[in-house]
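Please look through the following model with its cysteines and its aromatic side chains in mind. The paragraphs below take up these two topics in turn.

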Amino acid sequence: MGDPGPGFVSWQGQAANSYKEWERFLQQALVQRLDFDKFAEYAPLLHSRNPLGPALVADLLLRPSPWNRYTLDPRVPLYMQTLLDLQYIDLPAILRALYRYSTCHVLADRRDTENHKENAADRSGDKAQARQKDGKEIIRWQSSFSAEEVIFYRLIKGVQGTAIKNSRDSLEVTAAMAQWMILFTAASAAFQPDEDVMMGGAGGARRNQASQQSKDDMENSRAAFVMLLLGVCENHVVLEALSKPVAKGARKALSQSLASFVPSTLQNASPIAARLEDFRTGILSRFEPIDKNKEADNAEMEELLDETIGLQNAAIPDLHVTRSRAGLYIYLNAALVGRPLIDDASLYRYLHNRYQGDIQTTAIDLILGSFDVLANAIFRNEGQKSAHLLRSYLINKVPLVLASFAASATPMYPFNSEMCITNALSRVDTNTFPTLSSLFENGLSSNPFTESVRSEFVAACCLHGLVPETSIDKLIGDYTYQTLPAGGRYVKDTLVQECLADPAHERMQRLIGELDNMDGNVGAVCQALTEMLGRLCTNHETMSLKTLCSQLARNPLNLDVLLLFDKTATILSPLCQLLDDWRYEDDQGEYQPVYEEFGSILLLLMAFVHRYTLSATDLGIRSADSFVAKLLGKGQLSRPIDELSDQEKNQLNGWIHGLFDTDGGGLTDELLSSCPPQDLYLLIPTLFHNIVLAFSTGYLTEESLKTGIEYLVEPFLLPCLVTAIIYLSNCLWTDRPEENKAIIKILQLILKPSQKMSLESSEMLNSVKNIVAKPLEIGLRTYQRQNPKSQEVEPLLQVIKDNIELSRRTGATGDKELEQWTSSGNVGLTTTIKHTIQNLTMWSLHPGVMPTPYAHRQMLVGLRLLGAQRLLNAILEELKQLTETGNGSTAYDVAIGLVCAPDATTTSDTPPSILDEAGHSPAPQQRRLSLREVLRWKAEGWKKIEKNDPAMAETVVRLYQKVEAQMAPAAIAPLAHGADEEAMNAMVDNVAAAAAASQLGMDDPMALDHSATAGLSLDLGGAAGDLNLGGGSGANTAGGIDLTGGDDMFSGLGPLDGWEGMDLS
């Protein structure tokens, strides 16, 4: 061959030159923010001069750049769409390039390095790709999930169109999708809590919490990928290509990756997971040629059928389960650890199924278990917040339950209440709950939470006719100065009539003060106040409601007591309805009193919502237009100006001028009349967003800010500070120094006002601090970590120090407690939980007068961090081991108690969630799996477990059967709410007379007549008086209040309209 000449360029040189030109073009397009129309115009010119293959173009477009390794530029997906339309890149090239640089690799490799060495062989191919051919390490995106989500959704349209043209495209796309499925499966494992994280203590828990945002982003990307995968699997070109013999390898790779990927999508997208599984087991399997392996498939199908229908026919040896002291102890601890879940229906069902109608044994164990729970809280130093609730439950609730047992007794099946109380009290530790004499004889230190509990409980039982007054000293075993209430036993309807007949509301205020009493009358007081709330709401008596609601909101402990006797929805639904329907009168004169009444009512509602983390569903709200639902859903988020309506813009501008414009006339009636209270509360985050920006940028002087805050701490506006402070607390999580300094200044003016406040304002401000103390503390601590030299945080923390303990009651675990459970003795949380089960079992086998220490928060944090499956595995492993050592009869009762324990985050007893605009119920709200649900699924696969571990299979099936028997619907009903009170009075008289007669004729009050108690019915549906035991608590999924705010809390508001032109001097 001759010399090619000086102008000749080899094809390698041409390719290298084209690669450089495309790289320079794409870089310049991103740097100069090239318009998309211009990009579409320049790209063909470049391609005609410097053609480059789709794989290289896609790689250049989607790879990290030297100046940007965090996430893809927002313009990249649109540039990609343009190149895809021009056919310069294709679907396989995009998927491969996106896969090559995905952040999922970082997560998967980190998980492999730390915990999954056994999976190294499975991912060796992926790790081999971690370096390029030239030996350089591949640079991955630090956070590519958001961009991947956008690109996946864009590719779905292409798959539905003509992006897959032939068999070659189909096989390349399926190969890329198989790689993506394997990668997502490996990356998802990086977020599973494990022993190493648990052993890290509170720091490990915080690290796991910090990765939540990354997990959420990955799940969003994964959701988009699942939709793309479904489109590929149902594409007719792909199906035709996979049916060909040459696609055998592609079918195998796709089937294997689907088998590992689909199970992880069951919880979040079960319908789509079912379609993908049908594709794998149906369509793909039909494409395979018939061979001998079909017999193995048939055998697998037969095994699957055995697993699904064999559970009912599983024959396991019977094992008698002892009704241990720990079983009821666990249940009561769980029901009272957070929001009280002692609703009558659930409690009666649990007791009936546990004791099978033996009401005398039920009564003894209930009394003893209730004392055990209080003693446990005292020795664990739970403090006033728990002791008050538990004492009220023991003294005010338990006697009512015992009275209901007495009401259901018949001459054939008598109930000797005095005998039961005597038997139970004889087993209660006198050192923990001393008599008056033992305090002096033994030199015991005085404890206000325990020293008078015995006498108060017996006096409450006497009040309800369970024992005669002459027997009080004998039951206590000492002389007592305890007397019955001067007014006798309260009757709810009488209390309601007294309140209605008192226009000055003095009786109602005295009843609120009596919520702290320990005399047995609090149940009637709670139900009278609940009925008054409902009546006042129905009659729109807002002045009276203001008094009632503001007083109830002052003491969060009162809310705990109210929930011992009524459902959440029963108490709060009337308030929600009133707030939703609130309107100005046509002849409205003054508007400030209206704001004050509205705010006081809303303050009580927010006290409930934030203390127990209630959602709109928990409150029984079903309308999407509900003001309360909007406030709970997005009431803590500011909105950009362009998202506000013209009316909202005018209202926002009016409030800015009214609060801060010294020449604007202040908060006039014109402003208040044009902005109903509901509108203001929904605008509060946006208003404070503007205030922060204005003060941080100098538009607002400190003196003007102080003047505006002085308005906001007036009683008619003070409740809006709940939403405002929570919003500001969320903003402190962001790293924006100037805005955060402004927030701290605003908080100082609110929490430490310089002006003299009225008593009403001071009390309402303290109610606000009780509600916001916990999120505010978290926000301030976050700011303190960002600015360790700041001297402004500690004074604010001191202001809310006493409010923090009262701010929340959700059963959440503190950092110190979590660190103790996860770091003590270099063991993880799983091992600690196993030790707890051992201790409960051993205590039940050798019961002493003192209960074993137990915190149900440990199980709740285990459910949250380990997940229901791993927690159940720990319970099953310990149960199996205890059974093998001969302690199974008691250990099963402990395990049943743990699985059946009530939990507001996994229980759903409320009506369907909020209806959409069309009036239809949306998909059920996602919630964590419960132990019972996981146990059922595990039991359905018992035959597979039996092949490897027959003893474990027997343990799983037996525990499942016992749990289902315990949770079965009982043929009983709680006593009717609002039944005839004359029947109750007659019952009390009859029970008192029977108790007196029993005392005269009983030789040994400690002896139980088992012949008389055998087979007693716990039928509470007949002969019922008005015990007003309330019903359920309306437990549902937790959450509803977004305490984290949006990703960008200060974005989108644009210019500070309204600040210019104001006289802020």
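Over the ring of which residue does the charged end of R75 sit? In this predicted model, the charged end of R75 is placed over the ring of F36, at 5.0 Å from the centre of that ring. F36 is also a member of one aromatic cluster, which it forms with W22, F25, F39, Y79 and Y88, and so the ring that lies beneath the charged end of R75 is itself part of that cluster.

Counted across the model, the aromatic pairs come to 24. One of them is formed by F371 and F457, whose rings are arranged edge-to-face, with 5.6 Å from centre to centre and 80 degrees between the planes. Because F371 belongs to helix α19, which covers residues 359-379, while F457 belongs to helix α23, which covers residues 453-463, this pair ties together parts that are 86 residues apart in sequence. Both partners are buried, since F371 has a relative accessibility of 1% and F457 has a relative accessibility of 0%, and buried here means under 20%.

The cysteines can be read in a similar way. A disulfide is a covalent bond between the sulfur atoms of two cysteines, and with a limit of 2.5 Å between such sulfur atoms the count of disulfides in this model is zero. Among the cysteines, C420 is buried at a relative accessible area of 1%, and C526 is likewise buried, with a relative accessible area of 0%.

Notes
Residues are numbered from 1 along each chain as its sequence is written. This is a predicted model: local features need pLDDT of at least 70, side-chain atom pairs count only at pLDDT 80 or more; totals for chains, interfaces and linings use all residues. Side-chain values use heavy atoms; hydrogens and water are left out. Buried means under 20% relative accessible area, exposed over 50%, partly exposed in between (1.4 Å probe, protein chains only). Rings of Phe, Tyr and Trp (its six-membered ring) pair if their centres lie within 6.5 Å; planes under 30 degrees apart count as stacked, over 60 as edge-to-face and the rest as tilted. Helices (H or I, at least four residues) and strands (E, at least two) are DSSP runs, numbered from the N terminus. A charge sits over a ring if NZ of Lys or CZ of Arg is within 6 Å of the ring centre and within 35 degrees of the ring normal.
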